[in-house]
Amino acid sequence: MTNTQRMTVRRLARREEGTCRDMYRAAGRDGEWAGAMTPDTFAAAGEWWGLFCDGAPVLCAALADADRSVLQIRALCGAQRTLGLPPAGRWRYLLPPAAAGGAERGAARFLDAVAARANAPLVAALPVKTGGALLAAYFAAGFYLWAMRPLASLRPHYIFLRGGVQTGRQCRIIRETDTLALSRALEEGAAGTGVWYAQGQRCVCLAPKG
């Protein structure tokens, strides 16, 4: 992907949803919840949005409500109940994305556009094992890392919130690869606010939850 290629964000057309399902299948177990859906079930899961590079989708995810009968939405609702979220009106859900190589270049723009469309605070999920390339984009788009939880098929996911939450200004860092320490810090009252590089390793910056 070069700097001359054109990146756009828009809703998926129905004819493009098959390509998106193929992207989920390529993610293996992290994407099987969507890759195995029938075309009708996939279309009904929510508003499917895509990041396109020269007209070809390289990133897709659904903006959904709690009433949709989708495995990952039920899992996210269950995770949400364990998070002690502050009251913030009606939450919406940004389902785990599927991405092709190079999608991280436009991912923050994609996430920001979909969040603006939501018109409500968001709970979002990103697979820990296959979503690392997109982690910085969630922070750049105004999301806070709030917890780590197993979702469908017990696959570990980062759980992000956007809107309705605050953090303090202090910051400490934990290596992204030290998932046990990162998960423990989140459970003990910290929230991820960004990424930082230390000694050649990518770390997550953590601040106290407000």
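1. Helices (H or I, at least four residues) and strands (E, at least two) are DSSP runs, numbered from the N terminus. This is a predicted model, in which local features need pLDDT of at least 70 and side-chain atom pairs count only at pLDDT 80 or more, while totals for chains, interfaces and linings use all residues. Residues are numbered from 1 along each chain as its sequence is written, and side-chain values use heavy atoms, with hydrogens and water left out.

2. The largest pocket has a volume of about 210 Å³. Of its 17 lining residues, those closest to the centre are Pro 97, Ala 98, Ala 99, Thr 130 and Gly 131. A pocket here is an open set of points on a 1 Å grid over the protein atoms alone, where a 1.4 Å probe fits and protein lies on both sides within 12 Å along at least five of seven lines; lining residues have an atom within 4 Å of a point. Grid points are joined across faces, edges and corners, and the volume is the space filled by probe spheres set on the points.

3. Which elements supply at least two residues each to the lining of the largest pocket? They are H1, strand E5 (98–99) and strand E6 (122–127), and H1 gives the most, with three residues. By residue class, the lining divides into twelve nonpolar, three polar and two charged, where Ala, Val, Leu, Ile, Met, Phe, Trp, Tyr, Cys and Pro count as nonpolar, Asp, Glu, Lys and Arg as charged, and the others, Gly among them, as polar.

4. Helix H1 also holds one end of a disulfide, which is a covalent bond between the sulfur atoms of two cysteines and is counted here when a pair of cysteine sulfur atoms lies within 2.5 Å. By this rule the count comes to one disulfide, formed by Cys 20 and Cys 60, whose sulfur atoms are 2.0 Å apart. The pair links distant parts of the chain, since Cys 20 is in helix H1 (residues 17–26) and Cys 60 in strand E3 (residues 56–64), 40 residues apart. The link of Cys 20 and Cys 60 is right-handed, with 95° about the S-S bond.

5. Are the two bonded cysteines buried or exposed? Cys 20 counts as buried because its relative accessibility is 2%, and Cys 60 counts as buried at 0%; buried means under 20% relative accessible area, exposed over 50%, and partly exposed in between (1.4 Å probe, protein chains only). Cys 53 is likewise buried, at 9%, but its sulfur is 15 Å from the closest cysteine sulfur, in Cys 60, and therefore too far for a bond. The sulfur of Cys 171 is 3.7 Å from the closest cysteine sulfur, in Cys 205, which is also too far for a bond.

6. A search of the whole structure finds eleven salt bridges, each a side-chain nitrogen of Lys or Arg within 4 Å of a carboxyl oxygen of Asp or Glu. One of them joins the side chains of Arg 92 and Glu 47 (4.0 Å, N to O), and this pair links distant parts of the chain, with Arg 92 in strand E4 (residues 92–94) and Glu 47 in strand E2 (residues 47–53), 45 residues apart. Both residues are buried, Arg 92 at 9% relative accessibility and Glu 47 at 15%. Glu 47, Asp 65, Arg 92 and Arg 117 are linked in a network of salt bridges.

7. Another salt bridge pairs Arg 149 with Glu 187, the closest N and O atoms being 2.5 Å apart. Arg 149 lies in strand E7 (residues 144–150) and Glu 187 in helix H7 (residues 179–187), so the pair ties together parts that are 38 residues apart in sequence. Arg 149 is buried, at 14% relative accessibility, whereas Glu 187 is partly exposed, at 47%.

8. How does the span of helix H5 (residues 104–118) agree with what is expected of its 15 residues? The expected span, which is 1.5 Å times one less than the number of residues, comes to 21 Å, and the end C-alpha atoms are 21 Å apart, which agrees. The buried residues of H5 are Gly 106, Ala 107, Phe 110, Leu 111, Val 114, Ala 115 and Ala 118. An α-helix has 3.6 residues a turn, so residues three or four places apart point the same way. H5 is followed by Asn 119, whose phi is positive, near 55°.
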